[in-house]
Amino acid sequence: MSTERVAIYPGTFDPITNGHMDIITRAARHMCDRLVVSVAVNAGKGPLFSLEERTAMVEAEIDAISNGGVAAKIEVRPFDSLLIHYAQEVGASMIVRGLRAVSDFEYEFQMVGMNARLNKNIETVFLMSSERNQFISSRLVKEIASLGGEVSEFVSPRIVERLKERLG
C-alpha cells in the first residue's frame, strides 16, 4: 500500500518569479506526488496584488508549464492560517522552502524550529535556487518595475504585463 507524498510550497508570490517557478517545478518533479502551491494572505507585507490576483497569476504560470506532466501534480490554493495547521489540513508531510542566500537560511532556520515544535511529523525541506535565480526576489522585481526598469529576465511575459497594468 503506497501513501501519497504531499508537499506544500507556501509564499506570498507577489508576484511569482522565475525563481519561484524553478523551485515549484523541481519540487513537483523530484520530491512529492502532489505539490500544493500555497498562496499566503500575508497582509503585513503590503502586497501589490490581492490574494485572488496572486492566486490567479500562480495558476496561470502553472498552466503554462509544459514539463512532462509536472503541472498535473500541482495544485494552487490560497490560505490564511497558521502554516503548520494548513499543512495538516491538506495532508502534507513536508513543507518545501527555497533558499537563495545565507540571510534566507537564518530566517528559515527559526521557522523550522517553531514548526517542528508545533508538529514533528511535518518535515521542512530546502531547495537551493539555481544559480541563475539566486538573486531574484519579488520585492526587487516590484521595485525595478515601479521605477520603469526591465524585469522580463526575472518573471514570465504574463507577469510583466500584470506589473505594467498595475504600475502604469
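In the predicted model, E89 is exposed, its relative accessible area amounting to 55%. Its salt-bridge partner is R77, with the closest N and O atoms of the two side chains 3.2 Å apart. This pair links distant parts of the chain, since R77 belongs to strand 3 (residues 74-79) whereas E89 belongs to helix 3 (residues 83-89), with their positions 12 residues apart in sequence. R77 has a relative accessibility of 26% and therefore counts as partly exposed, so that an exposed acidic residue is paired here with a partly exposed arginine.

A second salt bridge is formed by the side chains of E108 and R97, which meet at an N to O distance of 2.7 Å. Because E108 lies in helix 4 (residues 102-118) and R97 in strand 4 (residues 94-99), this pair ties together parts that are 11 residues apart in sequence. Both E108 and R97 are buried. Salt bridges with shared partners also join E4, R34, E75, R77 and E89 into one network, and the bridge between R77 and E89 described above thus involves two members of that network.

Within helix 1 (residues 18-30), D22 and R26 are placed four residues apart, which corresponds to about one turn of the helix. Their side chains meet in a salt bridge with an N to O distance of 2.9 Å. The two partners fall into separate accessibility classes, because D22, with a relative accessible area of 15%, lies under the 20% limit for burial, whereas R26, at 22%, is partly exposed. The structure as a whole holds 13 salt bridges, among them the pairs D22 and R26, R77 and E89, and E108 and R97.

Attention may also be given to S137, a residue of the loop between strand 5 (123-128) and helix 5 (138-146). With a relative accessibility of 11%, S137 counts as buried. The side chain of S137 reaches the backbone nitrogen of L140 at a distance of 3.1 Å. When neighbours within four places in sequence are left aside, S137 is in contact with T17 and R100. The C-alpha atoms of S137 and F154 are separated by 8.6 Å in space, while the two residues stand 17 residues apart in sequence.

Key. Residues numbered from 1 in each chain as written. Predicted model: local features only at pLDDT ≥ 70, side-chain atom pairs only at ≥ 80, totals over all residues. Heavy atoms only, no water. Salt bridge = Lys/Arg side-chain N within 4 Å of Asp/Glu carboxyl O. Helix = DSSP H or I, 4+ residues; strand = E, 2+ residues; numbered from the N terminus. Buried < 20%, exposed > 50% of the residue type's maximum accessible area, 1.4 Å probe, protein only. Contact = heavy atoms within 4.5 Å. Polar contact = N/O pair within 3.5 Å; in protein donor to acceptor, adjacent residues only side chain to side chain.
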